[in-house]
Amino acid sequence: MNEEKLKIALQKSGRLSEDSINLLKTCGIKFDNGTGKLKSAAQNFPLEIFFLRDDDIPQYIADGVADIGIVGENVLAEAQIKVEIIERLGFGKCRLSLAVPKSFDYQTIKSIDKKRVATSYPKILGDFLSQNSVDAEIHTISGSVEIAPSINLADAICDLVSSGSTLFTNGLKEVEIVMNSEAVLIARPKLDASSQMILEKLLFRIKAVKAAAQNKYILLNAPNDKLDEIIEMLPGIKSPTVMPLAETGWSSVHSVINENDFWEIVENLKNKGAEGILILSIDQMVS
Ligand code: PRT
Ligand code: ZN
């Protein structure tokens with residue numbers, strides 16, 4: 001049987017690999033991702049997984065070797081290849097920034113005019129500088145960009161930053177954000193009908209996983225005389241589930257709360273007399 005499969009490209013080994021693999025696994029897709037593998041077929045979903053260098057993924061998709069893939073937006077923007085962003089994935093967050101040595105008297109982007117800037121992102125940087133009418137010399141280097149100023153290869157750098165500690169330990173300060181980036185699911189435009197159908201099934205699962213990651217399931221016991229006030233604090237998907245406990249005068253309340261305000265809600269619930277509060281992670285959430 002020659003079953004039609006959707007081909008997805010993931011980063012083979014690097015910062016996006018683990019989160020990309022975990023995302024598919026949390027979507028219930030089983031596959032072998034043993035080290036050294038270039039390709040793997042999912043056991044319970046019509047998906048074939050290719051493990052590639054991230055920089056190659058946009059081109060492989062444009063060429064039709066893979067149908068969809070997961071890459072950082074920074075890689076996609078630098079590749080300047082026409083593929084569609086289907087979904088933002090919320091991991092691999094970073095920013096591409098301009099940084100200068102601490103002693104550099106930086107005022108505005110014009111301070112970079114006629115200076116040398118080292119980067120692995122010459123296209124994104126080139127566009128940014130020309131949008132700002134800055135004429136700087138771009139030096140393209142493939143790695144360890146942060147050491148360029150200290151070896152007098154450049155006056156400034158343009159590199160990815162997440163915590164900022166690499167800049168700090170190299171005596172640099174971040175002065176402009178050129179772009180914000182996160183991992184995105186990309187696809188070749190005009191997939192055939194059967195690939196499109198598989199993509200939609202996958203996307204449905206990915207959205208459920210993403211929604212679940214932003215929410216927690218909460219269970220608690222509430223004294224009946226405080227029930228109204230407690231329910232008020234719990235928006236839930238529709239409204240909380242309330243069930244009587246064996247002990248008279250008490251109820252069990254179940255709901256879903258947003259991860260961002262969950263500590264505050266828990267504190268308020270406790271102050272209102274809620275007891276036995278349990279917070280559980282949700283794997284998938286379909287609305
Ligand atoms: O081998 P392959 O080509 O596949 O991988 P790679 O070495 O090119 O990429 P990799 O694995 O380093 O990064 C993959 C993607 O992760 C990037 O394209 C970004 O979209 C995303 N990402 C998120 C990051 C960072 N955060 C990040 N901090 N990529 C790189 N960094 C580096 C940065 O270049 C700098 O050296 O981490 C350092 C800065 O980190 P902080 O925390 O010190 O600021
Ligand atoms: Zn790379």
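This short presentation covers the nonpolar cores, the zinc site and selected salt bridges of the structure above.

The model is predicted, so local features need pLDDT of at least 70 and side-chain atom pairs count only at pLDDT 80 or more, while totals for chains, interfaces and linings use all residues. Residues are numbered from 1 along each chain as its sequence is written, chains are lettered from A and ligands numbered from 1 in the order written, and side-chain values use heavy atoms, without hydrogens and water.

I begin with the interior. The largest nonpolar core (buried Ala, Val, Leu, Ile, Met, Phe, Trp, Tyr and Cys residues joined through side-chain atoms within 4.5 Å; buried means under 20% relative accessible area, exposed over 50%, partly exposed in between, with a 1.4 Å probe and protein chains only) has 29 residues. L24, I68 and L185 are among those with the most contacts inside it. A second, separate core of 19 residues includes V100 and F128.

Next, the metal. The zinc ion, ligand 2, has D54 and D55 as its protein donors, at 1.9 to 2.1 Å; donors are N, O and S atoms within 2.8 Å of the metal (3.2 Å for Na, K and Ca), and water is not among the atoms, so sites may look incomplete. D54 is buried at 18%, whereas D55 is partly exposed at 41%.

Finally, the whole structure holds twelve salt bridges, each a side-chain nitrogen of Lys or Arg within 4 Å of a carboxyl oxygen of Asp or Glu. In one of them, D67 and R188 approach to 2.4 Å between the closest N and O atoms. D67 is buried at 3%, and R188 is partly exposed at 21%. Another joins K210 to E87 at 2.7 Å.
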